[in-house]
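I opened the model to look up how its strands, helices and core are arranged. My entries follow in the order in which I checked things.

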Amino acid sequence: MRAFITGSTGFIGTHLSRLLLDQGHTVTGMGRSPAHPLEGNENFNYISADSTKEGDWQSTISEADAIINLAGVSIFRYWTKKTKSQIYDSRILTTRNIVQAMPAGTDQVLISASAVGYYGDKGEEILNEDSTPGPCFLSQVCVDWEKEAFQAKEKNKRVVAMRFGPVFDKNGGPLSTMILAFKFFAGGPLASGKQWMSWVHIDDLLSSTLFILENKSINGPVNICTSHPVRNREFAKKVGKILKRPSFFKVPVFAIKLLMGEMGLAMTFSQKALPEKLLRLGFEFKYPRIQKALEISLK
């Protein structure tokens, strides 16, 4: 298989590129960084370019069997008007340019990233792939992001939108931001701590991506998160125990808003998403429960 991966220098992109290479596939990675850690592998080619802009890089898309779109600047920073524009444009414009470059009449699949942030703050509601989006900024980003990807269906392409939950891994990703306060002995639940978290371990994210690539019947949105979401207070308690740090410093909403602004408030949203499509098709999670996933990720 020939894979084209945008955002290949990012956290997920680097992991996925390495996995595909290990399995004998050919990978063309793309990102804004001038170099890639996997350069030198005979089956890997790297393109340094801005995917929000049209360019020569688009010609490579016609050569790929699978296009995996992971491009997007990090949401884990203070959201100014400029930052929100970067978050939005890096996802929507990149996806638009990819779809524009995909030739009609070829057997290709587009797997495009999205997030459980699609659902917004839904309290106790159980969320499957048919659940409605929320009204917040991240929800709108995800709605528009997926809309751009699904335009490829007009070219008779198989399109999958992977709605990721927060990803657990010992080598980085959003977990490193989420546990920062614990390392300074000030960790604890955010706001009430009752909100649900739909998370996934990096190994399960990668294996579910391969599962989607191999199963041509999978289309549309797919929740990429564990079948066992947890409340934020349970997450905090387990992180504290594993790191041997206090986990009782509840962070009130006003402090979250003061320190992290709108992004911080988004982290208090409750999303009880379940991977119904994956489970229905027989996918098995390696780390379905949070205790083992955190132990592997934090030790």
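**Sheet**

I looked up the sheet and found seven strands in an open sheet, ordered 3-2-1-4-5-7-11, with parallel pairing. Strands here are DSSP runs of E with at least two residues, helices are runs of H or I with at least four, and both are numbered from the N terminus. Two strands count as paired if DSSP finds at least two bridges between them. Strand 3 (44–48) and strand 11 (220–224) each have a single partner strand, so they stand at the edges with one side lacking a neighbour in the sheet.

I noted that this is a predicted model, where local features need pLDDT of at least 70, side-chain atom pairs count only at pLDDT 80 or more, and totals for chains, interfaces and linings use all residues. Residues are numbered from 1 along each chain as its sequence is written, and side-chain values use heavy atoms, with hydrogens and water left out.

I then checked the edge at strand 11: five bridges join it to strand 7 (residues 158–164), and the two run parallel. A161 has P221 as its bridge partner in strand 11.

**Core**

Which residues touch the most other members of the largest nonpolar core? I found L20 and I224, in a core of 44 residues. Such a core is a set of buried (under 20% relative accessible area, 1.4 Å probe, protein chains only) Ala, Val, Leu, Ile, Met, Phe, Trp, Tyr and Cys residues joined through side-chain atoms within 4.5 Å. Helix 6 gives the largest share of this core, seven residues. Apart from this core lies another of 18 residues, including M178 and Y287.

How values were computed. Buried means under 20% relative accessible area, exposed over 50%, partly exposed in between (1.4 Å probe, protein chains only).
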